Amino acid sequence: MTDTRQVVVVTGGTRGVGAGIARSFLAAGARVVICARRPPDKPVEEAGGKAEFRPLDLRDAAAVTGFFAQVAADYGAVDALVNNAGGTPFGLLAETAPARQAKIIELNLLAPLHASLGAYEVMRSQEAGGSITMIGSVSGTRPSPGSGAYGAAKAGLENLAGTMAVEWAPAVRVNTVVLGLARTESAALHYGDEEGIAQVARTVPLGRLADPSDVGDACVFLASDRARYISGAALRLHGGGERPAFLAAASVNH
């Protein structure tokens, strides 16, 4: 459970994993603000609570700074930030325009940097400090064919979080949730139909894709006082990882 009535900002919290994170915080009793360029298709609600939506372009550094200052003025604090906004379409490097690659890196690395800086300016002066959680990806820990710029940005994000954890201690804790394969509204775009999704799920040792609530529960923990000595950590949330390809190719029965 979160500390009593925490004020939590979730970027990209209008759908998918972001909405799941927001719902987990609502279930834990937090006051939640979600931001994105466009509003959610339906309210993000859970356990009688409702997340407040505020429009924001995370690539606009000045707007981001003003956003966090205004949230702090309206709510009295910003206790936790979850940098969830991001993503990428499939595209091989040689077939993707440089401008498109730059935008992917901007969304997945520079936008979380802007948001973290905006939140830090508020958190640094709070008696209780604050917590920042980055939503990383296993794409940043291994080769990422079809999403090279995204994988590079996520690798940089984890490194950035580690640096923030050192520079901003002890006032602000910074951690990364390194997410594996997840099931969201857009899962079909990546994994195909239900049979395709099921086949992909069978490659995960725990036998299923991550649910947004799995990610949310991890974020609630990292923002809570129970994680008060955890900073600079990277939590692998991947259901056991990926089985080595050679095991499937080997003729020996495993």
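Arg 54 touches Val 33, Ile 34, Cys 35, Ala 36, Phe 67, Gln 70, Val 71, Asp 74 and Tyr 75, leaving aside residues up to four places away in sequence; a contact here means heavy atoms within 4.5 Å. This is a predicted model, where local features need pLDDT of at least 70 and side-chain atom pairs count only at pLDDT 80 or more, while totals for chains, interfaces and linings use all residues. Residues are numbered from 1 along each chain as its sequence is written, and side-chain values use heavy atoms, with hydrogens and water left out.

So where does Arg 54 sit? The residue lies in strand β5, which covers residues 52–55. Helices (H or I, at least four residues) and strands (E, at least two) are DSSP runs, numbered from the N terminus. Arg 54 has a relative accessible area of 14%, so it counts as buried. The cut-offs are under 20% relative accessible area for buried, over 50% for exposed, and partly exposed in between (1.4 Å probe, protein chains only). The side chain of Arg 54 has a polar contact of 2.8 Å with the side chain of Glu 52, and another of 2.8 Å with the side chain of Asp 74. A polar contact is a pair of N or O atoms within 3.5 Å; within protein, one must be able to donate a hydrogen and the other to accept it, and residues adjacent in sequence count only if both atoms are side-chain atoms.

Next come the salt bridges, each a side-chain nitrogen of Lys or Arg within 4 Å of a carboxyl oxygen of Asp or Glu. The whole structure holds 8 of them. One pairs Asp 214 with Arg 208, with the closest N and O atoms 2.8 Å apart. Asp 214 is partly exposed at 23% relative accessibility, and Arg 208 is partly exposed too, at 46%. Glu 52, Arg 54 and Asp 74 are joined into one network by salt bridges that share partners. Arg 59 and Asp 57 also meet through their side chains, at 3.1 Å from N to O. Here Arg 59 is partly exposed at 31%, and Asp 57 is partly exposed at 29%. Glu 121 and Arg 124 form a further salt bridge, their closest N and O atoms being 3.1 Å apart. Glu 121 has a relative accessible area of 45%, whereas Arg 124 comes in at 46%.

Now for the nonpolar side of things. A nonpolar core is a set of buried Ala, Val, Leu, Ile, Met, Phe, Trp, Tyr and Cys residues joined through side-chain atoms within 4.5 Å. The largest one has 30 residues, and those with the most contacts inside it are Val 9, Phe 67, Phe 68, Val 78, Leu 81, Ile 132 and Val 174. At least two residues each come from β1 (7–11), β2 (31–36), α2 (61–75), α3 (98–123), β7, α4 (148–167) and β8. The largest share, 6 residues, is from α3. A second, separate core has 27 residues, including Ala 30, Ala 51, Val 82 and Ala 218. As for Val 9, its partners include Val 33, Cys 35, Phe 67, Phe 68 and Val 71, again not counting residues up to four places away in sequence.

Two helices deserve a look. In α1, 10 of the 12 residues are buried, so the helix is mostly covered. Among the buried ones are Gly 16, Val 17, Ile 21, Phe 25 and Leu 26. The expected span of a helix is 1.5 Å times one less than its number of residues. For α1 that gives 16 Å, and its end C-alpha atoms are 17 Å apart, which agrees. After α1 comes Gly 29, whose phi is positive, near 95°. Helix α7 (residues 212–223) has 12 residues and an expected span of 16 Å, and its ends lie 17 Å apart, which agrees. Its buried residues include Pro 212, Val 215, Ala 218 and Leu 222. The buried residues of α7 pack against α1 (16–27), β6 (80–83), β7 (130–137), β8 (172–179) and β9 (234–237).

Finally, the overall picture. The protein has 8 helices and 9 strands, and 46% of its 254 residues count as buried. Its C-alpha trace spans about 60 × 40 × 40 Å along the principal axes. Of the contacts with a separation of 6 or more, 65% are between residues 24 or more positions apart.
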